[in-house]
Amino acid sequence: MSVTGAYRSLAGVEGLEVTRDASLAPCTAYRIGGPADLLVCAHGYRALAHALRALADEGVPWVVLGRGSSILASDEGYRGCVVRLGQEFSRTLVEGDRMTAGAAVMLPQLVNESLSRELAGLESCVGIPGTVGGAVSTNAGSRHDWVGRRVRDVVTLRPGRGMSRYAGSEIEWGYRWCSLPPDEIILEVTLELTRSSKDVVATEMNRRLARRRAAQPMRRLCCGPVFRDPGERSAGALLDACDLKGMRVGGAHVCETHANLIVNEGHATARDVVTVMGRMHDAVQARFGVDLVPEVKFLGFEG
Ligand SMILES: Cc1cc2nc3c(=O)[nH]c(=O)nc-3n(C[C@H](O)[C@H](O)[C@H](O)COP(=O)(O)OP(=O)(O)OC[C@H]3O[C@@H](n4cnc5c(N)ncnc54)[C@H](O)[C@@H]3O)c2cc1C
C-alpha cells in the first residue's frame, strides 16, 4: 500500500479536502482516536469516485464515516483512509410526502424538517445524532421501529462500478442492520413519510425526546449504546442489574443515567473504553450467562 502515492493523487483535486495523519478524535462522538493515514472529505460525486479509484490503485483501505456517533477509534489510529462526505451530499428536497436527503445531512435536521412539513414516520429517530448515511447504514431507530421502514430508495456509489439505486423494499432491514453491501457508499436516500398534523407529530416526538433526555447524557462525550440488546430484556437492563453505573477506568465511566453508555470524561483513551466494556461484558456473563455483543463499531483495532 502506498499512502504517499494516494496522497499525491488526491491532494489539490477539486472537490476534495485531503489531510495526512489526521487525528480521528474530532471525527468521533467519543472524541477519542489516534491518527488515520489519510482523511478525505469529498464534496461531490466525481471527486468521491476519483478518490476511491486512487485509493484502490494504491492499495489503501478505506472506511466511510458520518459523524462517528457509533464509532470507537483505536489509540493507534487507522492504517488507511477515512472518507467523509461534504457539500453535494448535504442537500434535502421535499416533494409531497417524500423527503430526499444527501447522506451527509444531519439526521436531527431531517427529523425537524419532517415535523415542520407535518410528516409522520421519523419519530423513532428523534434525538439520534449522526448523518442520514450513518442512520441508513445502521438502520437507526428504536428496537421496534427504524428508519429502514420509511426508505423508498437509496442511491449508492459502488466503487469502480458507478452509481446504483436500490428500492427500499429490495433491502432487508433488521435491528441495527441492513443488507446494503458494506463496500458501497450511500449517497442519497428518499424517505416515504405519512401526512399528519404538526400537533400529532410533535406530541410523539416530545414524548420520545423526554424519555431520551431523562436517560442519556446531554452534552457529554459519548457514543451510542455500547452493546446490542440480546433479547427482550435490553442490554441496558441487564447491565443496570449488575450495578455498574459510574464504574470507572482511567478517563471513561459507565454513564450514571444509562448503563449501556460509556462517557469520556475528556481524557479517556480507547483502551480505557475497551477495558470498561470488558468489565461490563464479564459482569453480565457472570450474572446472567449472556454473552453481550458490541454495538459500537471498532475502527483501527485490526491486527
Ligand atoms: C447519545 C447517543 C444516542 C444514540 N442513540 C441511538 C438510538 O437510539 N438508536 C440508534 O439506532 N442509534 C443510536 N445512536 C448511534 C448513532 O447515533 C447512530 O447509529 C447514527 O445513525 C450513526 O450515524 P453517524 O453519521 O454518526 O455514523 P457513523 O457512526 O459515522 O458510522 C456508522 C456506520 O455507518 C457507516 N456509514 C456512515 N456513513 C455512511 C455512508 N454514507 N455510506 C455507507 N455507510 C456509511 C459507517 O461506515 C459505520 O459502519 C446513538 C448515539 C449517541 C451518541
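Two strands count as paired where DSSP finds at least two bridges between them, and helices (H or I, at least four residues) and strands (E, at least two) are DSSP runs, numbered from the N terminus.

**View 1. The open sheet of four strands.** In this predicted model, for which local features need pLDDT of at least 70, side-chain atom pairs count only at pLDDT 80 or more, and totals for chains, interfaces and linings use all residues, four strands form an open sheet in the order 15-18-17-16, with antiparallel pairing. Residues are numbered from 1 along each chain as its sequence is written. Strand 15 (221-222) and strand 16 (248-249) lie at the edges with a single partner strand each, so one side of each has no neighbour in the sheet. Helix 7 (residues 270-288) packs on this sheet and touches strand 16, strand 17 and strand 18, its direction making about 25 degrees with that of strand 17; here contact requires C-beta atoms, placed from the backbone, within 7 Å, while axes are lines fitted to C-alpha atoms, for helices over the stretch in contact, with angles from 0 to 180 degrees between N-to-C directions.

**View 2. Strand 17 beside strand 18.** Three bridges join strand 17 (residues 252-254) to strand 18 (residues 262-264) in the antiparallel sense. H253 has V263 of strand 18 opposite it.

**View 3. The open sheet of five strands.** The strand order is 6-7-13-9-10, and the pairing is antiparallel. Because strand 6 (92-95) and strand 10 (162-167) stand at the edges, each with a single partner strand, one side of each is left without a neighbour in the sheet. From one strand to the next, the twist averages 15 degrees.

**View 4. Strand 6, strand 7 and helix 3.** Strand 6 and strand 7 (residues 98-102) run antiparallel and are joined by four bridges, with T100 in strand 7 as the bridge partner of L93. Helix 3 (residues 107-116) packs on the sheet, where it touches strand 6 and strand 7, and its direction makes about 160 degrees with that of strand 7.

**View 5. The shell around the ligand.** Of the 31 residues around the ligand, G66, G130, G133, G134 and G224 come nearest, a residue being near if its C-beta atom, placed from the backbone, lies within 6 Å. Strand 3 (62-64), helix 4 (132-137) and strand 13 (185-192) each supply at least two residues of this shell, and helix 4 gives the most, with four residues.

Conventions: Two residues are in contact if their C-beta atoms, placed from the backbone, lie within 7 Å.
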